[in-house]
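Please open the structure in your viewer and keep a selection tool at hand. The tour moves from one selection to the next and says what can be found at each stop.

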Amino acid sequence: MLLENRIRVYAFVGPSGTGKSYRAQMVASEKGIKYIIDDGLLINENQIVAGISAKKAQTKIETVKHAIFLDEERKTEMCNAIKKYKPESILILGTSDDMVKKIAHNLNLPEIEEIIYISDVATKQEMETARRIRVTEGKHVIPVPTFELKKDFSGYLLDPLQIFK
């Protein structure tokens, strides 16, 4: 059973740490998309409306399971949120075509109609800079305002300027 066949599903794909989350709002805005699925979260115009971040998982395997909604409880919660909010379109972020397709499948969403790649919207130098910041400073950007993150990420070091740039 598909959740609302009318939902238009898009994907934004690129290697980890290359700036996908940082550029997600720009890509979504250009496509008229108000909902983003990123690392286990459903985000609506800068506000987390459902989910628990995969970044909080204890292991890399758990992180992947959370991000692609293999856990039945997280999957059900996200499917219920999608039914509740009835988005016209959703942008799914992932590190590969296979990953975003698995997320769409696991959430019973329609087939992805367009995949946008980070290399389509960022230069090689910008991606390398993002990667260097991720590796050297451990910073991860989530496309929501800092105050929205405090309840879920107390103790994380976040740079508000990176979020609002």
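**Starting in the sheet**

Select S2 and S5 to begin: these two strands run parallel and are joined by three bridges, and across them Ile37 stands opposite Ile92 in S5. Helices (H or I, at least four residues) and strands (E, at least two) are DSSP runs numbered from the N terminus, and two strands pair if DSSP finds at least two bridges between them. The model is a predicted one, in which local features need pLDDT of at least 70 and side-chain atom pairs count only at pLDDT 80 or more, while totals for chains, interfaces and linings use all residues. Residues are numbered from 1 along each chain as its sequence is written, and side-chain values use heavy atoms, with hydrogens and water left out.

Now widen the selection to the whole sheet, which is open, has six strands in the order S4-S3-S2-S5-S1-S6, and shows mixed pairing. At its edges are strand S4 (47-51) and strand S6 (112-117), each of which pairs on one side only. Neighbouring strands are turned by 25° against each other on average, direction ignored; for such angles, axes are lines fitted to C-alpha atoms, for helices over the stretch in contact, and angles run from 0 to 180 degrees between N-to-C directions.

On one side of S2, four bridges join this strand to strand S3 (residues 41-44) in the antiparallel sense, and the bridge partner of Asp38 in S3 is Leu41. S1 and S5, by contrast, pair in the parallel sense over six bridges, with Ser89 in S5 as the bridge partner of Arg8.

**Helices on the sheet**

Add helix H1 (residues 20-31), which packs on the sheet and touches strand S1 (8-13), S2, S3, strand S5 (89-94) and S6, its direction making about 155° with that of S5. Then add H3, which also packs on the sheet, touching S2, S3, S4 and S5, with its direction at about 130° to that of S4. Contact here means heavy atoms within 4.5 Å.

**Covered residues and cores**

How many of the residues of S5 are buried? Six of its six are, where buried means under 20% relative accessible area, exposed over 50%, and partly exposed in between (1.4 Å probe, protein chains only). Ser89, Leu91 and Leu93 lie on one side of S5, and Ile90, Ile92 and Gly94 on the other.

Next, select Ile37, Ile82, Ile92, Leu107 and Leu109, the residues with the most contacts inside the largest nonpolar core, which has 25 residues. Such a core is a set of buried Ala, Val, Leu, Ile, Met, Phe, Trp, Tyr and Cys residues joined through side-chain atoms within 4.5 Å. The elements that give two or more residues to this core are S1, S2, H3, S5 and helix H4 (97-106). A second, separate core of 16 residues includes Phe12, Leu91, Leu93 and Ala122.

**The aromatic pair**

Finish with Tyr35 and Tyr85, since a search of the whole structure finds one aromatic pair. Their arrangement is tilted, at 6.1 Å centre to centre and 40° between the planes; rings of Phe, Tyr and Trp (its six-membered ring) pair if their centres lie within 6.5 Å, and planes under 30 degrees apart count as stacked, over 60 as edge-to-face and the rest as tilted. Because Tyr35 lies in strand S2 (residues 35-38) and Tyr85 in helix H3 (residues 72-85), the pair ties together parts that are 50 residues apart in sequence. Tyr35 is buried, with a relative accessible area of 9%, whereas Tyr85 is partly exposed, at 28%.
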